[in-house]
Each structure stands twice: as C-alpha cells, then as structure tokens.
Amino acid sequence: MKFHPDQLQVLLVFTKEDNQCNGFCKACEKAGFKCTVTKEAHSVMACFLAKHHDIIIIDHRNPRQLDAEALCRSIRSSKVSENTVIIGVVRRAEREEPSVRALIAAGFTRRYVENPSLMACYNELLQLEFGEVRSQLKLRACNSVFTALEKSQEAIEIISEDHIIQYANPAFETTMGYKSGDLIGKELAEVPINEKKADLLDTINSCVKTGKEWQGVYYAKNGDNTQQNVKIVPVVGQGGKIRHYVSIIRVCSSNNKAEKIAECQSDTHSDTQSGKQKDRKSSLDVRSLASRTNEVASQRRHSSMARIHSMTIEAPITKVINIINAAQENSPVPVTEALDRVLEILRTTELYSPQLGVKDDDPHASDLVGGLMSDGLRRLSGNEYVLSTKGLHHVSSAIVAPLTLHDVPPRIARAVENEDYWDFDIFELEAATQKRPLIYLGLKIFTRFGICEFLNCPETTLRSWLQIIEANYHPSNPYHNSTHSADVLHATAYFLSKERVKQTLDPVDEAAALIAATIHDVDHPGRTNSFLCNAGSELAILYNDLAVLESHHAALAFQLTAGDDKCNIFKNMERNDYRTLRQAIIDMVLATEMTKHFEHVNKFVNRINKPLAALEENEKTEEDQEAINTILRTPENRTLIKRMLIKCADVSNPCRPLEQCIEWAARISEEYFSQTDEEKQQDLPVVMPVFDRNTCSIPKSQISFIDYFITGMFDAWDAFVDLPELLQHLDNNFKYWKGLDEMKLRSIRPPPQPE
C-alpha cells in the first residue's frame with residue numbers, strides 16, 4: 001500500500017511573516033512540500049478543512065497576538081485532524097526548560113524551539129516527514145484496511161503473540177456463532193473449542209512457530225462433515241519476532257457454524273486448548289417442508305449475490321467512484337456536496353461528451369450538433385431509403401489506370417508534384433484526372449511511404465486496389481466522393497511526415513492510417529447517419545443504427561479487397577500481421593464517426609497532451625525523456641494518436657488555403673441542401689432545417705462548424721504536432737466567413753465590385 005502522498009501539505013500559522021515564518025517557507029520549498037501561510041486565526045479552520053494539511057506549524061511565541069493552544073484545541077476538535085501533525089513554535093528558554101505537558105494537553109504533537117535557519121527548519125521538516133507524518137499516514141491507511149476487513153465475506157481473526165484475540169470481523173463472529181464483541185480481548189483458552197487430534201495441532205504449531213503460513217481443512221462443529229478452508233498467517237513485528245497471527249476462514253456453507261481452530265496458538269499453549277465445547281445448538285427452523293424449501297432458496301439467492309459482490313471485475317470508473325465515496329466520509333459539508341455533484345456527473349454514460357451550450361439564436365450550431373452527433377434513433381415506420389447502388393461497383397474495362405507512376409500524363413504528373421506540401425491543390429488534380437484523383441495520388445503517396453514493400457504486394461496489385469476503391473465512391477456526390485478521399489489521404493500523409501508523429505508511430509501504423517484514409521468514406525450515399533436511420537435504410541437495420549456509414553465503409557472495403565486476388569493488397573501478409581493491421585484500419589475508420597468526436601478529443605488531451613506538457617515544461621532530463629517516450633509509445637496512446645490524426649485529416653477543410661476552403665464549403669452545403677430536399681419530399685424528419693437552400697447562410701454554418709468542432713480539436717493537434725501553417729489558414733478563413741456574415745451575406749463569396 002502506498003502511504004506517502006505525492007506532495008505533503010504544510011500550513012503555517014504566523015501573525016506576521018518574520019524570519020521564522022520565512023525560514024519554514026523556504027524549507028518547504030526545498031523539501032518539495034506545498035506551503036500555505038495564514039495570518040488570521042479565524043481563517044485557519046476554513047483553510048485546514050479545505051486542504052487537510054499533513055503538518056500544521058503554529059506560532060506559540062506571542063500568546064497575546066495568537067492563542068496557539070486554543071487554536072490547536074479547535075483544530076483537534078475536528079475529526080479530520082486525527083492524523084494531522086501539529087507543531088508549536090516556542091521561544092528559546094532563557095532559564096529553566098519549561099514542561100511540554102501543556103502543549104501536549106492542547107493537542108500539539110511536538111514543539112519546535114525557534115530557529116529561523118533554513119537548514120534547521122529543513123531538518124525539522126524531514127524528521128517530521130519520516131517520523132510522525134509517516135506514522136500518521138499509516139494510521140490513516142488503517143481505516144481503509146479495517147473497512148475492507150469489516151466488509152470481507154471471509155472470516156478473519158487477529159490474535160497477539162500472547163494469544164489474546166485482538167480483532168474479529170463480523171464474518172468471523174457469525175461463522176463462529178458469537179455476538180459482536182464477544183471475542184475481543186479474550187484469551188484463546190477462554191474460547192471453547194472441540195477437541196482436536198494431537199497430530200493436527202502439532203502440525204499447525206510446528207508450521208506457524210517457524211514463521212510459515214499454514215493452510216488446511218477442518219470440519220464444522222455440528223459434525224456434518226462440512227469442510228472449512230483455513231489459512232493461518234504469522235505476522236513478524238518488532239525484533240523480528242512473531243507478534244500476531246491472522247486466521248482466515250473461507251466459509252463453505254451458510255447453513256453451518258465453523259468451529260474455532262487452534263490456529264493462533266504456540267506450542268506452549270497447545271495443552272490449554274482442549275476443553276468442553278459450549279452447547280451452541282443450531283437453530284434450524286423445521287416447522288414445515290415448505291418453509292425449509294423457502295429457506296434453502298433464500299440461502300441460494302444470498303450465496304449468488306455474495307459471489308456477484310465478490311467479483312474482482314471492476315471498471316476504472318467504478319474505482320474512481322469508490323474512492324470519492326470513501327473521501328466523502330470525513331469531508332466537510334461543502335466538499336461532500338461538491339463530490340455528490342461529481343458523482344452525479346461520473347455516473348452518466350457520456351463522460352467525454354460535453355453538454356454543449358448552444359445558443360438559441362444560433363440554429364446553425366444547433367443543427368450541426370444535432371445532425372452530426374445524433375445517434376439517429378428517430379426512425380419512421382413505413383419509409384425505406386435504399387442506397388442508389390445496391391450492387392458493388394466493378395472496375396470498368398474502359399477505365400485504364402496507369403501502369404506505373406512513370407507512365408502518368410504530364411498534366412497529372414505536374415498536379416501531383418507538390419503533394420508533400422500542405423497547400424497542395426487537390427482540385428487541380430481532380431480536373432487533370434477527370435474526377436479520378438485517388439488512383440494517382442494514392443500511388444504517389446503509398447510509394448513514398450513504402451507501403452507495397454510493407455504489404456509485400458506488387459505495385460500492380462496496389463493500382464488495381466486503388467482503382468476498385470475509387471470506383472465505389474459516388475462521383476455524383478457533391479462532397480463525399482473520391483476527391484474528398486484523396487484530400488483526406490493527402491492530409492494523413494502530411495501529418496505522418498511530421499517529426500513528432502514519425503517518432504511515435506510504427507510502419508504498421510502508417511500503413512493503417514493511409515489505407516483507412518483511402519477507404520474511410522467508400523460507397524458514401526451523400527446522406528448522414530441520421531437520415532439513414534430515420535428512413536429505415538437497409539444499412540441502418542444491418543448495423544442497428546450504430547455508426548452505420550462508418551461500419552459500412554470499413555466492411556465494404558475489406559469485402560472488395562478480399563473479393564479478387566488481383567486487388568488483394570493483404571494476401572501476402574502473415575495472418576497475425578494482417579489481423580493487427582485490419583483492427584487498426586477499422587478503428588481509425590470508426591473514429592471518423594462524429595457522435596464520439598468529443599470523447600476522442602478529450603481523451604487525447606487528457607492522456608497525451610497534458611502529461612506531455614507537464615514533462616516538457618522544465619528542462620528535459622533522461623528520466624523525463626523516458627517518461628515522454630513511454631507516453632508516446634504505449635499501444636493505447638498510439639491508438640488515440642491515430643484516431644486524432646484521421647479525425648483532423650477528415651475535417652481539415654477549414655485549415656486549407658482560402659480558395660480550397662470556399663470550394664469545400666460550397667460542396668458540403670450542396671450535399672446537405674440535397675438531403676433536406678429529399679427529407680421534405682419523403683416526409684422524413686428534417687435533421688438540419690437550417691440547410692434549406694432557399695434560406696441557409698453558408699458563412700454562419702461555417703462559423704458554427706469551426707467554433708464547435710474544429711478550433712478545439714486543431715488546437716490540441718497543433719500542440720502535439722506543431723502546425724502553425726494550418727492554424728494561420730484557419731484564422732484567415734474564420735475571418736473571411738465572419739466578414740461575410742457581418743455583411744449579412746448568405747453566399748460563399750461577396751458580390752462582385754462594380755467596375
């Protein structure tokens with residue numbers, strides 16, 4: 001058990017900050033303790049109850065200015081001060097040394113004769129830390145230990161080296177058939193037991209007196225041969241001698257009382273442990289067969305519940321709640337009430353999803369939050385929305401993909417030339433490839449990252465795979481088409497090239513990220529999850545309204561890949577390597593679902609950004625660097641980083657150069673307009689009413705999207721990766737949309753200026 005807190009808390013009570021006060025302040029800083037100074041006696045209790053200091057140092061040198069003894073009594077009257085060390089600073093005696101009895105009677109732990117020297121104060125604090133404070137911390141921990149013993153379903157007894165019963169928990173008293181408190185303080189000789197076979201007693205005694213545990217079986221005292229499993233543990237104390245014995249009995253039957261075993265005696269007392277057993281008769285109710293049956297059923301239910309409560313499967317959030325519940329027991333009322341509110345929040349299911357305070361006068365934000373983060377549980381009976389393409393798209397023989405990167409037409413080669421820069425123009429590539437940018441950009445990026453070598457597949461297989469994936473994006477979608485996929489692939493590759501990310505992720509992570517970006521919206525119908533759920537679509541039914549599109553994208557991509565050896569980029573991988581890669585790809589695709597947006601971002605901030613910031617604030621030592629590497633390299637944190645990476649890549653449009661940002665805004669708005677039109681035509685719930693093509697303000701919708709989803713996420717990602725260029729674009733674009741909104745314009749561009 002850990003007894004020492006992360007940082008000791010010290011409260012200094014001095015009416016003025018003199019040399020003695022300053023000496024203790026500097027000593028606290030040197031020792032690494034957290035120090036609080038208060039000059040007013042009436043504020044001491046409030047300060048102490050708020051922080052529960054481990055050490056309180058009170059100036060006892062000027063009774064007229066501060067009644068130190070009265071203050072100490074006041075502190076000791078509070079139950080929470082039971083384990084607090086209180087020191088009284090006294091003047092150096094000029095004549096006879098005064099008695100400390102008055103200080104002890106007032107509640108002081110010890111005195112400190114005034115000496116403002118830094119080292120004197122520092123030495124005093126160190127002695128307290130490793131003396132009185134450590135002892136008090138152990139006593140404080142005992143409360144938790146005895147609480148665990150009291151609640152334990154196993155029967156536990158502790159006796160001293162003199163064979164006096166020191167403690168017996170309720171389960172032990174019940175098992176042995178005694179009332180509460182009957183056993184405490186009694187010698188084993190006074191507790192009647194059944195006669196034991198001499199060889200069993202000799203075996204037990206010869207084992208425990210050498211300091212070894214004894215474990216065995218004995219039978220219940222009513223003679224029905226019910227087994228009781230017993231463990232006897234000798235506890236070595238001061239002087240290296242056995243000072244206590246702990247008996248643990250696992251109750252095997254709720255119908256029988258266990259007999260008292262001579263588990264805690266030494267060989268010198270074995271003769272006294274035989275005697276007549278008190279006549280403790282069993283009190284079974286045998287009035288009728290029916291009542292006996294009911295009793296057995298009740299005992300069975302009780303046994304089942306006991307097993308459930310004794311299960312060790314405990315979620316982390318349960319542990320947190322238990323710790324807070326324990327902390328409430330000795331807390332003042334304001335703290336208890338605050339912790340009640342904390343528990344209320346923790347018991348909700350959406351721990352990482354904020355309760356967004358969307359203003360009533362911001363319908364764009366309300367609709368975006370509702371439309372993108374809805375769980376979609378608003379189906380209407382009788383309506384069905386079926387994807388426009390029920391079958392899978394197969395690659396047309398009329399579409400000829402490049403044989404290699406060296407065979408691409410000059411215009412396309414020029415368009416992909418600067419793909420490693422953030423300001424790369426995806427729309428120029430879209431035009432050059434006749435809306436097939438994914439094949440060409442995919443070949444270039446996958447080659448740069450050596451994905452074919454990692455997958456052990458030829459470039460022709462990769463080309464065929466990119467071709468069939470792109471063929472299953474819908475070119476009729478204004479936004480969710482293969483150009484969007486290529487754009488997300490470009491952003492993913494850009495992030496993977498940043499130094500911090502390269503230090504963190506392995507080749508398998510890079511491959512997973514690039515593949516996930518390529519497939520993350522394959523066969524997207526141009527409609528949101530909420531629309532599909534409301535329409536009762538086949539996909540919504542298949543995936544139970546949960547992450548409908550994201551599940552479909554991942555499943556279809558693997559189905560297309562495995563369906564033809566010519567495009568199966570995974571066919572040469574080892575089974576375990578493939579499963580690892582597949583799980584990483586699926587996890588990243590599912591992370592693009594917006595309902596868990598804030599969960600992913602908050603986990604990233606709390607588990608990665610904040611710990612890294614704390615370590616990087618000071619000059620890095622070797623230990624700090626090891627801690628940083630540990631944070632970055634754990635599998636759980638690498639998963640969080642990959643999720644954050646693809647999420648930022650997926651919605652990076654507001655961080656693109658202004659002209660690209662405007663084009664993407666126009667495309668997503670048109671797709672939402674089309675959905676609203678269809679919802680009205682089919683009499684479905686309108687998920688995002690503000691996206692009515694006749695009334696919508698595109699600048700307002702972009703402002704709201706940036707405010708609620710983009711700014712916080714990219715601030716966190718920038719803190720990890722360092723992306724000043726992206727944040728500058730984001731700032732410029734936000735100002736652009738803000739300017740249009742202030743001009744009361746609803747379009748994506750201001751009207752042309754008259755010549």
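1. Glu510 sits in helix α19 of this predicted model. Its relative accessibility is 17%, and because the cut-off for buried is under 20%, Glu510 counts as buried. Setting aside neighbours within four places in sequence, Glu510 touches Phe449 and Leu496. The C-alpha atom of Glu510 is also 9.0 Å from that of Lys642, although the two residues are 132 positions apart along the chain.

2. Ala512 belongs to helix α19 as well. With a relative accessibility of 0%, Ala512 counts as buried. Apart from neighbours within four places in sequence, the contacts of Ala512 are Leu581, Ala584, Ile585 and Met588. Between the C-alpha atoms of Ala512 and Arg582 the separation is 7.6 Å, with their positions 70 residues apart along the chain.

3. Next, the helix that holds both residues. Helix α19 covers residues 507–519, which is 13 residues. At 1.5 Å a residue the expected span is 18 Å, and the C-alpha atoms at its ends are 18 Å apart, so the two values agree.

4. How many of the 13 residues of α19 are buried? The count is 12, so the helix is largely enclosed by the rest of the structure. Among the buried residues are Val508, Asp509, Leu514, Ile515, Thr518 and Ile519. Glu510 and Ala512 are on that list too.

5. A second topic is the pair α23 and α26. Two packed helices are described by the angle between their axes and the distance between the axes. Helix α23 spans residues 575–591 and helix α26 spans residues 635–650. Their axes come within 8 Å and cross at roughly 50°. The two helices are therefore oblique to each other, and α23 passes α26 in a right-handed crossing.

6. Which residues meet where α23 and α26 touch? From α23 they are Ala584, Asp587, Met588 and Ala591; from α26 they are Thr639, Lys642, Arg643, Ile646 and Lys647. Sorted by class, this contact has four nonpolar, one polar and four charged residues. Ala584 and Met588, which take part on the α23 side, are also contacts of Ala512 in α19.

7. Last, the protein as a whole. The model has 29 helices and 10 strands. Of its 755 residues, 47% count as buried. Among contacts with a separation of 6 or more, 70% come from residues 24 or more positions apart. The contact of Ala512 with Leu581 is one example of residues brought together from separate parts of the sequence.

Notes:
Residues numbered from 1 in each chain as written. Predicted model: local features only at pLDDT ≥ 70, side-chain atom pairs only at ≥ 80, totals over all residues. Heavy atoms only, no water. Helix = DSSP H or I, 4+ residues; strand = E, 2+ residues; numbered from the N terminus. Expected span 1.5 Å × (residues − 1). Buried < 20%, exposed > 50% of the residue type's maximum accessible area, 1.4 Å probe, protein only. Axes fitted to C-alpha atoms, helices over the stretch in contact; angles between N-to-C directions. Parallel < 35°, antiparallel > 145°, perpendicular 65-115°, else oblique. Left-handed = near helix turned anticlockwise from the far one by under 90°. Contact = heavy atoms within 4.5 Å. Nonpolar A, V, L, I, M, F, W, Y, C, P; charged D, E, K, R; others polar.
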